[in-house]
Amino acid sequence: MTDQLGALTTIFTEFYYWVTVVLMFLIHVGFCMYEVGASRYKHHQHTLMKNTMLIPLVTVTWFFFGWWIYWAFPTGPGIAPSIMNESTALITDDSTFSAKWYLANSEFMAINLGDHISGVFWAAFLLFSWTAASIVSGAIIERITTFAFGILAIAIGSVFWTIDAAWGWHFDGWMLKILGYHDAYASGVIHAIAGGFALGVLVVLGPRIGKFSSSGEPRNIGPRNPWLVTVGLFLIYTGFWGFYAACNIPIFDLGPEYGMEGVTYWTATNIYVTPTTLSGITFNFLMSLSGGLLAGYWIAKGDPFWTYSSGLAGVICASAGNDLYHPIQAMIIGMIGVVIAYKLHYWVERKFKIDDAVGAVAVHGYAGFVGLVICGFVLNGYPSSGYSVGAMWDGSTYATINPLGQFLGAIIMFGVLGMLPGYIIAKVLSGMGKLRIPREVEIAGLDYEMMESAKEDEKAVSSATR
Amino acid sequence: MATVTNWIDHLNKPAEEVVGAVYPGAGSTETLLVILGIVIWIGWHVITNKSESDELSRLAKKRHGANDHKSNITDW
């Protein structure tokens with residue numbers, strides 16, 4: 001970094017992503033509080049530990065192979081050629097953004113004076129990975145083993161979401177080129193896939209004991225600590241700001257990037273390297289949050305649990321196109337997503353006896369799916385990338401955003417990379433007898449022995465004289 | 001093991017030699033470290049899976065009722 005402008009840009013970008021990572025840490029704090037608040041007293045500590053341990057498990061596997069997958073898989077492989085090397089193979093050659101540089105034993109996966117970006121960018125994506133796994137965690141509380149959840153967390157956090165990010169988020173992703181897929185703030189890339197994955201697991205895992213009456217009527221097992229749930233969701237909102245910022249490139253000269261001779265245009269861009277502004281997405285974040293809250297309060301008749309969750313669902317639904325929407329479009333889209341997600345949640349619960357303890361499938365999965373589909377209509381005709389605009393199915397250029405491409409993208413995210421792997425892995429774990437805790441433990445409470453031990457300690461301490 | 005022993009000497013090198021890895025064992029130990037990390041990761045699963053299975057089996061045998069935990073709620 002000998003050039004002052006280059007040095008400033010690099011150091012600013014490094015610090016920018018670092019700050020987003022710190023902000024996004026609050027998402028996980030929020031998820032932990034939320035889950036503990038939603039679980040019953042006798043399961044609290046195990047519920048907390050289950051969600052907490054996904055942090056190291058997803059982190060180390062993200063280091064070992066998750067990050068490599070993101071950079072290797074944009075072409076499919078075999079679906080559309082890379083704009084870097086024109087090959088449809090895995091990108092493992094000497095290209096600038098090749099997965100080769102992100103192998104766990106690469107010198108760029110450590111302190112390297114020639115690279116100020118890889119670590120913070122790796123961490124920003126890692127925090128997305130935690131979020132994906134944590135979404136699944138909430139749905140399956142009080143009856144899954146920590147071992148099984150660890151395997152599932154690694155699968156969604158370090159394998160399947162990173163494949164979908166390579167396909168639909170990477171600037172070279174085949175879904176952009178062939179389908180015109182657009183998902184700026186991850187309605188599908190994070191939320192629909194994680195919601196779908198959770199649904200696949202729930203189908204195999206089954207409901208909590210007592211959730212359904214003998215006639216099949218669902219019973220409400222409401223949050224045990226509404227204040228913890230409240231603070232948790234506010235923290236998730238807060239971390240979501242960091243998430244939005246982390247999905248942008250803060251400062252970039254698009255002139256030379258697009259090959260425009262003599263043109264200099266410094267701007268923030270979205271993940272696809274097309275222009276947007278941090279200012280504009282701030283409008284949309286807050287208006288879609290507000291739309292979600294308004295709709296949630298109305299449809300849930302003021303129920304706090306659903307109202308807070310609906311704020312989140314509103315943002316999630318509008319996220320696919322929040323880099324370009326008008327704020328009032330974002331608000332209305334958030335409202336539509338909430339109504340559909342809420343209705344679908346209760347319909348699926350009654351029809352298929354699915355016990356989603358925190359409504360994660362609805363808030364993330366259904367709202368994310370709907371958001372992708374709506375984006376296809378509202379942003380119909382916008383380019384999915386700045387590099388080259390072509391026809392759908394062309395493969396070598398980038399298709400424009402369109403309803404069919406978004407709908408197919410939503411199916412890929414929710415169903416193909418989400419629900420299907422979740423179902424299969426849960427089936428395998430169930431077949432091994434490792435998925436669900438014994439019935440007697442579920443009734444007694446996962447924390448029974450810890451509580452019993454604490455009570456004995458209390459008795460001993462209170463009867464002590466010295 | 002030290003990759004840099006004098007920062008002034010290091011930063012005075014040609015630019016292409018300055019920019020690079022500076023952690024201990026750079027260029028020779030990375031693969032070994034990755035193998036070690038993977039062993040630790042897999043080993044953690046094996047060990048904690050066994051301890052969790054033991055805990056769940058032990059608790060399942062006791063057949064506590066749904067409200068038995070209430071007698072264990074502490075005052076502190």
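The following exchange discusses a predicted model of two chains, A and B.

Biologist: Which secondary structure elements make up chain B, and what pattern do they follow along the sequence?

Modeller: In this predicted model, chain B has three helices and zero strands. Read along the sequence, these elements give the pattern α-α-α.

Biologist: Is chain B compact or spread out, and what is its radius of gyration?

Modeller: The C-alpha atoms of chain B fill a box of roughly 75 × 30 × 20 Å along the principal axes. For 76 residues the globule rule gives 11 Å, and the value for chain B is well over that, so chain B is more spread out than a compact globule. Its radius of gyration is 26 Å.

Biologist: How does chain A compare with a compact globule, and what is its radius of gyration?

Modeller: Chain A comprises 15 helices and five strands. Its C-alpha trace spans about 80 × 50 × 40 Å along the principal axes. A compact globule of 466 residues would have a radius of gyration near 23 Å, and chain A agrees with this, at 22 Å.

Biologist: Which helix of chain B gives the most to the side that touches chain A?

Modeller: The contact between the chains involves 31 residues of chain B and 29 residues of chain A. On the side of chain B that touches chain A, one helix gives the most, with 14 residues. By class, this side of chain B holds 15 nonpolar, 10 polar and six charged residues. The helix asked for is α3 of chain B, residues 30-62.

Biologist: What distance separates the end C-alpha atoms of α3(B), and why does it agree with the length expected of the helix?

Modeller: The helix α3(B) has 33 residues, and at 1.5 Å a residue these should span 48 Å. The distance between its end C-alpha atoms agrees with that expectation, because it is 49 Å.

Biologist: Which residue follows α3(B), and what is its phi?

Modeller: Just beyond α3(B), the phi of the next residue is positive, near 50°. That residue is B:Arg63.

Biologist: At what angle do α4(A) and α3(B) pack, and which residues of α3(B) meet α4(A)?

Modeller: Helix α4 of chain A, residues 146-168, packs against α3(B) at an angle of about 150°, with the axes 9 Å apart. The contact divides into one nonpolar, five polar and one charged residue. From α4(A) come A:Thr146, A:Phe147 and A:Gly150, and these meet B:His45, B:Thr48, B:Asn49 and B:Glu52 of α3(B).

Biologist: Within chain A, are α1(A) and α3(A) roughly parallel or roughly antiparallel?

Modeller: Helix α1, residues 4-38, and helix α3, residues 118-139, pack with their axes 9 Å apart, at an angle of about 15°. Angles under 35 degrees count as roughly parallel. Therefore α1(A) and α3(A) are roughly parallel.

Biologist: Is the crossing of α1(A) and α3(A) left-handed or right-handed?

Modeller: The residues that meet include A:Trp18, A:Met24 and A:Phe31 in α1(A), and A:Phe121, A:Leu127 and A:Trp130 in α3(A). The contact divides into 14 nonpolar, six polar and two charged residues. The crossing of these two helices is left-handed.

Biologist: Are α9(A) and α10(A) roughly parallel or oblique?

Modeller: The axes of α9, residues 278-299, and α10, residues 304-318, of chain A come within 7 Å and cross at roughly 135°. The crossing is right-handed. The contact has 10 nonpolar, 10 polar and no charged residues. At that angle, α9(A) is oblique to α10(A).

Biologist: What distance separates the end C-alpha atoms of α11(A), and which residue comes just after this helix?

Modeller: The 26 residues of α11(A), residues 327-352, should span 38 Å at 1.5 Å a residue, and the end C-alpha atoms agree with this, being 37 Å apart. Just after the helix, a residue takes a positive phi of about 55°. That residue is A:Lys353.

Biologist: Where is the residue A:Val273, and what is its phi?

Modeller: A:Val273 lies in the loop between β2 (266-269) and β3 (275-276) of chain A. Although A:Val273 is not a glycine, its phi is positive, at about 65°.

Biologist: Which two residues does a cis peptide bond join, with omega about 0°?

Modeller: One partner is found in the loop between α2 (44-72) and α3 of chain A, and that partner is A:Pro77. The cis peptide bond joins A:Gly76 and A:Pro77.

Notes. Residues are numbered from 1 along each chain as its sequence is written. Chains are lettered from A and ligands numbered from 1 in the order in which they are written. This is a predicted model: local features need pLDDT of at least 70, side-chain atom pairs count only at pLDDT 80 or more; totals for chains, interfaces and linings use all residues. Two residues are in contact if their C-beta atoms, placed from the backbone, lie within 7 Å. Helices (H or I, at least four residues) and strands (E, at least two) are DSSP runs, numbered from the N terminus. Ala, Val, Leu, Ile, Met, Phe, Trp, Tyr, Cys and Pro count as nonpolar, Asp, Glu, Lys and Arg as charged, and the others, Gly among them, as polar. The expected span of a helix is 1.5 Å times one less than its number of residues. Axes are lines fitted to C-alpha atoms, for helices over the stretch in contact, and angles run from 0 to 180 degrees between N-to-C directions. Angles under 35 degrees count as roughly parallel, over 145 as roughly antiparallel, 65 to 115 as roughly perpendicular and the rest as oblique. A crossing is left-handed if the near helix is turned anticlockwise from the far one by less than a right angle, and right-handed if clockwise. The radius of gyration is taken over C-alpha atoms; the globule rule is 2.2 Å times the number of residues to the power 0.38.
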